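Subject: Structure for you to look at

Hi,

Here is the structure I promised to pass on. Please open it next to the notes below and follow along as you read.

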Amino acid sequence: MTALNKLTIADARNKLRAGDITSVELTEACLAETVTSGKLNAFVHHTPDIALAQAKAADKRIAAGDAPDMCGIPIGMKDLFCTKGVASQAGSAILNGFRPEYESTVSQNLWDAGAVMLGKLNMDEFAMGSSNETSTYGDAVSPWRRTGSDVALTPGGSSGGSAAAVAADLCLAATGTDTGGSIRQPAAFTGIVGIKPTYGRCSRWGVVAYASSLDQAGPMTKTVRDAAIMLGAMASHDPKDSTSSDLPVPDFEAALTGDIRGKTIGIPKEYRMDGMPSEIAKLWDDGTAMLRDAGAKVVDISLPHTRYALPAYYVIAPAEASSNLARYDGVRYGHRAKLAAGDGITEMYEKTRAEGFGAEVQRRIMIGTYVLSAGFYDAYYRRAQRVRTLIKKDFEDAFALGVDAILTPATPSAAFGLGEMKNADPVQMYLNDVFTVTVNLAGLPGISVPAGTDAQGLPLGLQLIGRPWEEGDLLNLAHVLEQAAGFVSKPAKWW
């Protein structure tokens, strides 16, 4: 029998409803794994008491026949989501000791659906990073290793703890957030599925803000079907979030028909960049062939402003971050620096922020403050917003020509070793987002599907980009790609 912690959401749901297992048994199996997985540093706040109480309540609900699909399913919660009474630090020392008196809308939706919280998951500080090396909790570590090597690898970022936990079967699924690729890139690095929904599909209320016009929550799961199930529970209209869309949430699982005949898939020529590794190029070609063989029509398209996406993103995101992070000043909550005699409020602000924010967060705050300053606003921020409009129009033009989805690589490489990029030019790290940031700038849904491995045995992912609000169609295409790729590799347990 498959170990309970290795079940998918769909399998666990069916077993729970059939009475083959209980949520308490399932939760205890996952809690046992979280206790022995310290080397991965994925879970940073454990909540076993909450988990078991929720599991017992779920079992009663299932027995009564009132069981939504997520009822009784143990999940991990990215530390960016505020959870009532539980430490919610966004991976930052400046929020030491912060325990919210409220629940984020996404987490509340999941608890209302009967999901079980095992604990909070590691992440890059304030979601700023592509490798989970900027966290106050220390690095999250991928459960994957290169063939014949014991070098510790990144699980990606910023949702690195979520990716590591799902890939290592510590939980059945996890929440993530995606501002420039922070769900899709770690999903690709760890061989799991991660979907960033359309901007506004999931409420941002109660999610610690990085860049408010780009941030979006989504599920990180073992399969596309699981992503469909979990997204249905997470998504909702929320009056507390002015950017939340008042659209009905479809039955995403019902959309997984496996039939994509007549669909048109676009292949953007601009994504075939100089120096692209041959393994990534082959994976892309193979994925294209898989969709064509399944009945889709494949056409070449142009997204001409793609080359400007990364610089535009790294102007807009830090600008919004510098504004959002101004609230962390040591006055109301979180860390407050010890002051010397004669220090006033200005010194308190300066010392608190210098001690509380890590180097990468400080870098992005300074960049953001610079591009918003009076002398440079037009030259940088306003220009970046114009570029963003052009990037969005590129996608609109492609969809207007009848393209249903766009297929690209998810990342420019497989996972790299922890520390390998720490002393490099920060821009080298930012290049990890080269295939994903356009989706956030345009507010579109995007999904990463594991589709193969490289020569060193590490997972590689393909990305599908969909039309706005058509996550159902996108998930169905991803489901077909997943079935055709037949990715079943799992990391050998060393932790």
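Two residues are in contact when they have heavy atoms within 4.5 Å of each other. With that in hand, take the pairs in the protein that touch and are at least 6 apart in sequence: 77% of these contacts join residues at least 24 apart. Please keep in mind that this is a predicted model.

**Overall build**

The protein has 15 helices and 11 strands. Its radius of gyration is 21 Å, close to the 23 Å that the globule rule gives for 495 residues, so the protein is as compact as a globular protein of that length. Along the principal axes, the C-alpha atoms fill a box of roughly 70 × 55 × 50 Å. Of the 495 residues, 61% are buried. The accessible surface comes to about 18,300 Å², and carbon and sulfur atoms account for 52% of that.

**A buried serine**

Ser 23 is part of helix H2, which covers residues 23-35. Is this serine buried or exposed? Its relative accessible area is 0%, and buried means under 20%, so Ser 23 is buried. Beyond its neighbours within four places in sequence, Ser 23 touches Leu 16, Ala 55, Ala 58, Asp 59, Gly 72 and Val 116.

**A nonpolar patch**

On the surface, Val 331, Ile 345 and Tyr 349 make a nonpolar patch of about 250 Å². Tyr 349 lies in helix H10, which runs over residues 345-356. Tyr 349 has a relative accessibility of 31%; because partly exposed covers the range between 20% and 50%, this tyrosine counts as partly exposed.

**The cysteines**

You may want to know about disulfides. A disulfide is a covalent bond between the sulfur atoms of two cysteines. How many does a search of the whole structure find? The search finds zero. Cys 82 is in no disulfide, and the nearest cysteine sulfur, that of Cys 202, is 16 Å away. A disulfide here needs sulfur atoms within 2.5 Å, which is why a pair 16 Å apart is not counted as one. For Cys 202, in turn, the nearest cysteine sulfur is that of Cys 82. Cys 82 is buried at 3% relative accessibility, and Cys 202 is buried too, with a relative accessible area of 0%.

Happy to go through any of this with you.

Best wishes

Definitions and conventions: Residues are numbered from 1 along each chain as its sequence is written. This is a predicted model: local features need pLDDT of at least 70, side-chain atom pairs count only at pLDDT 80 or more; totals for chains, interfaces and linings use all residues. Side-chain values use heavy atoms; hydrogens and water are left out. Helices (H or I, at least four residues) and strands (E, at least two) are DSSP runs, numbered from the N terminus. Buried means under 20% relative accessible area, exposed over 50%, partly exposed in between (1.4 Å probe, protein chains only). Patches are made of residues with over 30% relative accessible area and no salt bridge: like charges are joined within 9 Å, nonpolar side chains (Val, Leu, Ile, Met, Phe, Trp, Tyr) within 5 Å. Accessible areas come from the Shrake-Rupley method with a 1.4 Å probe; for residues, only the protein chains shown count as cover. A salt bridge is a side-chain nitrogen of Lys or Arg within 4 Å of a carboxyl oxygen of Asp or Glu. The radius of gyration is taken over C-alpha atoms; the globule rule is 2.2 Å times the number of residues to the power 0.38.
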